[in-house]
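Okay, thanks everyone, let's get going. I'll put the structure up and then walk you through a few parts of it.

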Amino acid sequence: VQLQASGGGLVQAGGSHRLTCAASGSFLLINDMAWYRQAPGKHRELVAGISSAGSTFHADSVKGRFTISRDNSKNTVYLQMNSLKPEDTAVYFCHADVEIDVGSHSDQFWGQGTLVTVSS
């Protein structure tokens, strides 16, 4: 299973940007998907998560500005980021909880990370 994240780049404060992460490979189904971020010198933190049924969680720091969504037919998760702030600058990682086969335990997979830089 591979997670391919894309969409990082340089954005001005107050602007919007969308990240995409697509899963590929051989697996049975994808359970929860999520976006994490890691700013320079800081620990990786959970930004937003979404279940296979569409229930979502957003960290307080991004609530009202970021929206996570997914397209199960494309095995893809998105992060729409609005009203971006310089403190949102970080490497963003997608994560997926994946069941590889019938009866198997789920495994955790990470994307390679994509850098979002918000200029003031």
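So, in what order do the 4 strands of the open sheet come? Before I answer, keep in mind that what you're looking at is a predicted model. Right, the order: it goes S1-S3-S8-S7, and the pairing is antiparallel. On the edges you have strand S1, residues 2-6, and strand S7, residues 66-71, each of which pairs on one side only. Going from one strand to the next, the twist averages 15 degrees.

Let's look at the S7 end. S7 and strand S8, which covers residues 76-81, run antiparallel and are joined by 6 bridges. If you want a spot to click on, try Asp71, which stands opposite Thr76 in S8.

Now over to strand S3, residues 17-24, where we find Ala23. Is Ala23 buried or exposed? It's buried, because its relative accessible area is 10%, and the cut-off for buried is under 20%. Leaving out residues up to four places away in sequence, Ala23 touches Gln2, Leu3, Ile30 and Asn75. Gln2 and Leu3 there fall within the 2-6 range of S1, one of the edge strands. For a sense of distance, take Ala23 and Ala90: they're 67 residues apart in sequence, and C-alpha to C-alpha they're 22 Å apart in space.

Next, the cysteines. How many disulfides does a search of the whole structure find? The count is 1. Cys21 and Cys94 form it, with their sulfur atoms 2.0 Å apart. For the torsion people, there are 55 degrees about the S-S bond, and the link is right-handed. The pair ties together distant parts of the chain, since Cys21 sits in strand S3 and Cys94 in strand S9, 73 residues apart. Both Cys21 and Cys94 are buried.

Staying in strand S9, which spans residues 90-99, let's stop at His95. His95 has 11% relative accessibility, so it counts as buried too. What does the side chain of His95 make a polar contact with? That would be the side chain of Gln108, at 3.0 Å. And the list of neighbours goes on: again skipping residues up to four places away in sequence, His95 touches Leu3, Asp32, Met33, Ala34, Tyr36, Gln108, Phe109 and Trp110. You'll recognise Leu3, which Ala23 touches as well.

That's my tour, so over to you for questions.

Definitions and conventions: Residues numbered from 1 in each chain as written. Predicted model: local features only at pLDDT ≥ 70, side-chain atom pairs only at ≥ 80, totals over all residues. Heavy atoms only, no water. Pairing = 2+ DSSP bridges. Helix = DSSP H or I, 4+ residues; strand = E, 2+ residues; numbered from the N terminus. Axes fitted to C-alpha atoms, helices over the stretch in contact; angles between N-to-C directions. Buried < 20%, exposed > 50% of the residue type's maximum accessible area, 1.4 Å probe, protein only. Polar contact = N/O pair within 3.5 Å; in protein donor to acceptor, adjacent residues only side chain to side chain. Contact = heavy atoms within 4.5 Å. Disulfide = S-S within 2.5 Å.
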